[in-house]
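Hi,

Here is the structure I promised to pass on. Have a look first, and my notes on what turned up follow below.

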Amino acid sequence: MQEKLVSVIVPAYNTGEYLREALDSILSQTLENIETIVVDDGSTDDTPRILEEYKERVTVITKKNAGQAAARNDAMKIASGKYIFFMDSDDWIEPDTLERCYELCERDNLDFCFFDGVSFGDELTGSKWQDYHRAASYKGVRKGYEIMYEMLKDGKYRCTVCMSLFRTSFLNKFKTRFHSGIIHEDELFSAQVYFNANRIESINAEFYHRRLRGDSIMTRKFGKRNIDGYMTVIDGCFEHVRTIAPRAKKTCRRLVSTILLSMMHNGYALPANEKVRIVKAVFRHPYSFRLKPFCILMLKGFVKKD
């Protein structure tokens with residue numbers, strides 16, 4: 001059997017309203033010889049019926065709901081492509097996305113390439129965190145941890161596993177998979193691929209269209225699950241640097257500092273015990289301490305609005 005060039009992995013959970021647009025954008029790619037694997041993660045809407053319409057053109061895995069990480073990992077077990085592309089089931093991509101990414105990765109022997117995206121939808125606020133334009137600032141073939149450090153320093157790093165094309169052998173070499181059972185699982189996966197990669201490169205193109213909607217994980221209220229997820233990410237990053245990628249220690253510290261600053265900014269409405277968890281983490285990593293976000297964490301929730 002001829003090796004597929006790219007395996008596109010799409011976890012789907014109750015996104016029937018958007019699923020056809022996502023799948024049509026994959027099936028209309030200019031790159032031929034690709035496979036699409038959709039994991040129906042226990043959907044209760046019309047997702048199964050829509051997937052039935054595409055059964056001749058996509059591979060469908062049906063499973064009990066276990067979350068996006070487990071869905072992606074299950075798809076990776078059967079993926080046969082030389083490269084892997086992750087896509088969310090409520091987003092869509094430009095027709096030449098995979099062809100241009102594949103050609104660049106082959107030409108320059110890359111572990112992965114990354115590109116830009118455009119945010120759209122009901123929850124679009126203009127926040128800098130919804131801006132996925134960064135590729136033009138980081139040109140040429142570089143080590144992953146070097147580019148990641150510069151992005152973090154410049155405030156341009158975005159955890160976007162859906163805006164990259166990964167060489168499958170690179171992911172398998174380091175057994176890179178998604179941590180199940182938490183939210184922010186993309187953060188740990190993304191950190192590991194940047195820590196490990198020797199050759200990455202950007203494409204200055206808006207290939208990915210990311211939908212922002214009110215009922216998505218990205219737009220839900222910051223709470224205990226966020227803290228649990230981020231703590232797991234922090235521990236996982238340091239363990240990965242200790243055992244596999246010691247060269248990325250400086251980048252890891254910068255990433256952890258960024259995560260803790262975000263937690264301080266967003267955790268002001270949390271119960272006292274969750275705030276204490278954040279404070280303890282900051283004390284364990286004192287280089288992340290900044291007075292203003294620390295005051296926001298500790299005081300903002302007590303300030304009454306007029």
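**What I found**

Tyr149 counts as buried, because its relative accessibility is 19% and buried means under 20% relative accessible area, with exposed over 50% and partly exposed in between (1.4 Å probe, protein chains only). Tyr149 sits in helix H5; helices here are DSSP runs (H or I, at least four residues), as are strands (E, at least two), both numbered from the N terminus. Its C-alpha atom is separated by 29 Å from that of Met298, with the two positions 149 residues apart along the chain.

Before I go on, some housekeeping. This is a predicted model, in which local features need pLDDT of at least 70 and side-chain atom pairs count only at pLDDT 80 or more, while totals for chains, interfaces and linings use all residues. Residues are numbered from 1 along each chain as its sequence is written, and side-chain values use heavy atoms, with hydrogens and water left out.

**H5 and the loop after it**

Helix H5 covers residues 144-154 and also holds Lys153. Lys153 is partly exposed, since its relative accessible area is 47%. Together with Lys250, Arg254 and Arg290, Lys153 forms a positive surface patch. Patches are made of residues with over 30% relative accessible area and no salt bridge, with like charges joined within 9 Å and nonpolar side chains (Val, Leu, Ile, Met, Phe, Trp, Tyr) within 5 Å. Lys and Arg count as positive and Asp and Glu as negative, leaving out His and the chain ends, and each charge is placed at NZ of Lys, CZ of Arg, CG of Asp or CD of Glu. The areas come from the Shrake-Rupley method with a 1.4 Å probe, and for residues only the protein chains shown count as cover.

Thr160 is in the loop between H5 and strand S7 (164-167). With a relative accessibility of 4%, Thr160 counts as buried. Its side chain is joined to that of Arg134 by a polar contact of 3.1 Å. For a polar contact I took a pair of N or O atoms within 3.5 Å; within protein, one must be able to donate a hydrogen and the other to accept it, and residues adjacent in sequence count only if both atoms are side-chain atoms.

**Salt bridges**

How many salt bridges does the structure hold? There are 24, each one a side-chain nitrogen of Lys or Arg within 4 Å of a carboxyl oxygen of Asp or Glu.

The one I'd show you to start with is Arg213 with Asp90, where the closest N and O atoms are 2.6 Å apart. This pair links distant parts of the chain, 123 residues apart: Arg213 is in the loop between S8 and H8, and Asp90 is in the loop between strand S4 (81-86) and strand S5 (92-93). For orientation, S8 spans 200-211 and H8 spans 224-243. Both partners, Arg213 and Asp90, are buried, and Arg213 has a relative accessibility of 13%. The two side chains also register as a polar contact, again at 2.6 Å.

Asp46 and Arg49 form another salt bridge, with 3.3 Å between the closest N and O atoms. Asp46 is partly exposed at a relative accessible area of 30%, and Arg49 is partly exposed at 48%.

Arg107 and Asp108 meet through their side chains at 2.9 Å, N to O. Is each partner buried or exposed? Arg107 is exposed, with a relative accessible area of 61%, whereas Asp108 counts as buried at 16%. Elsewhere, Arg72, Asp88, Asp91, Asp186 and Arg210 are joined into one network by salt bridges that share partners.

**Some loop residues**

Which backbone angle stands out at Asn109? Its phi is positive, about 50 degrees, although Asn109 is not a glycine. Asn109 is in the loop between helix H4 (97-108) and strand S6 (112-120) and is partly exposed, at 48% relative accessible area.

Lys175 likewise has a positive phi of about 50 degrees without being a glycine. Lys175 lies in the loop between helix H6 (168-173) and helix H7 (185-196), and is exposed at 71% relative accessible area.

Lastly, Tyr54 is in the loop between helix H2 (47-53) and strand S3 (59-63). Tyr54 counts as buried, at 4% relative accessibility. The C-alpha atoms of Tyr54 and Val276 are separated by 49 Å, and the two residues are 222 apart along the chain.

Cheers
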